[in-house]
Amino acid sequence: MKLTKPYTTILFDLDGTLTDPEEGITRSFQYALHHFGIEEKDPARLREIIGPPLLESFTRQYGFSQIDALLAVDVYREYFSQTGIYENRLYPGVEEMLKTLQQAGKKLMLATSKPTVFANRILEHFNISQYFTFVAGSELNGNRSAKAEVIQWALATSGANPRKAVMVGDRKHDIIGAIETNVDTIAVLYGYGSREELEEAGASFFAETPQQVAEYILSFGKEEERLSWRRKQKYFQHSSAGISPTSARGK
């Protein structure tokens, strides 16, 4: 399936889309839960917290009060800021995807619920910061953590046109946030959201690999080039035969 627009701005989620942060995030989360006397060893439950804002995970999944959740986030960051941030890996093919899109003239931006300060450190750690023209994340105090807020802020601050933007992410929060800001979506299936979750959220396009993401985005431009060339060929054929393009269209 081809995308339907010539997208000029590509917004990327970070966790589960560009990098696989499972080890660092789950260990940081266990560190915070341990502070409250909770020993969580269920990998499936811990994987569920990759993607959503931290406050949401502590309150909805573990029933923390708002005050305890705020403290839990601080404890989480004690481990994450020093160790967990580097217990991470770049998905195979991600840098090639970013390079391909950049060379094609696309403007790449990061749109993550992770605090901007951590997002920048991760991009620099993996040597991919040079591909991004703008990095949008949340504030350390929790402000601007909803994905719709992040996307809206990224577009407004950078001056990008929402109608020519597409959001690439792996969880329902990415898809819902993009829809709320009238931005199209590509859901990646190699991250942490299931196809069912992403379909229910309203995703229209799906990619199984980073390479497919790039192919989808660039497919429209290639198709337009082919159509334009065919139109030019048809014009010259009619001109050389003494037939005007207008009369040819009327037949």
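**Helix packing, nonpolar cores and aromatic pairs**

The buried residues of helix α1 pack against α2 (43–47), α3 (54–62), α4 and β4 (107–115), where buried means under 20% relative accessible area, exposed over 50% and partly exposed in between, with a 1.4 Å probe and protein chains only. The structure is a predicted model, in which local features need pLDDT of at least 70 and side-chain atom pairs count only at pLDDT 80 or more, while totals for chains, interfaces and linings use all residues. Residues are numbered from 1 along each chain as its sequence is written, and side-chain values use heavy atoms, with hydrogens and water left out. Helices (H or I, at least four residues) and strands (E, at least two) are DSSP runs, numbered from the N terminus. The buried residues of α1 are G24, I25, T26, S28, F29, A32 and L33, and the helix is followed by G37, whose phi is positive, near 80 degrees.

The largest nonpolar core, a set of buried Ala, Val, Leu, Ile, Met, Phe, Trp, Tyr and Cys residues joined through side-chain atoms within 4.5 Å, has 52 residues, and those with the most contacts inside it are F12, F58, L98 and F132. Helix α4 (residues 66–80) supplies the largest share of this core, namely six residues. When neighbours within four places in sequence are left aside, F132 is in contact (heavy atoms within 4.5 Å) with F12, L18, L98, L108, M109, L110 and L123. A second, separate core of 14 residues includes F134, I151, A178 and V183.

Rings of Phe, Tyr and Trp (its six-membered ring) are taken to pair if their centres lie within 6.5 Å, planes under 30 degrees apart counting as stacked, over 60 as edge-to-face and the rest as tilted; by this rule the count comes to 11 aromatic pairs. One of them is the stacked pair of F58 and F64, at 5.5 Å centre to centre with 25 degrees between the planes, and both F58 and F64 are buried. The pair of F134 and W153 is tilted, at 5.4 Å centre to centre with 55 degrees between the planes. Because F134 lies in strand β5 (residues 134–138) and W153 in helix α7 (residues 147–158), this pair ties together parts that are 19 residues apart in sequence. F134 is buried, with a relative accessible area of 18%, whereas W153 is partly exposed, at 32%.

A charge is taken to sit over a ring if NZ of Lys or CZ of Arg is within 6 Å of the ring centre and within 35 degrees of the ring normal. R144 lies over the face of W153, at 3.7 Å from the ring centre, and the charged end of R45 sits over the ring of Y62, 4.3 Å from its centre.
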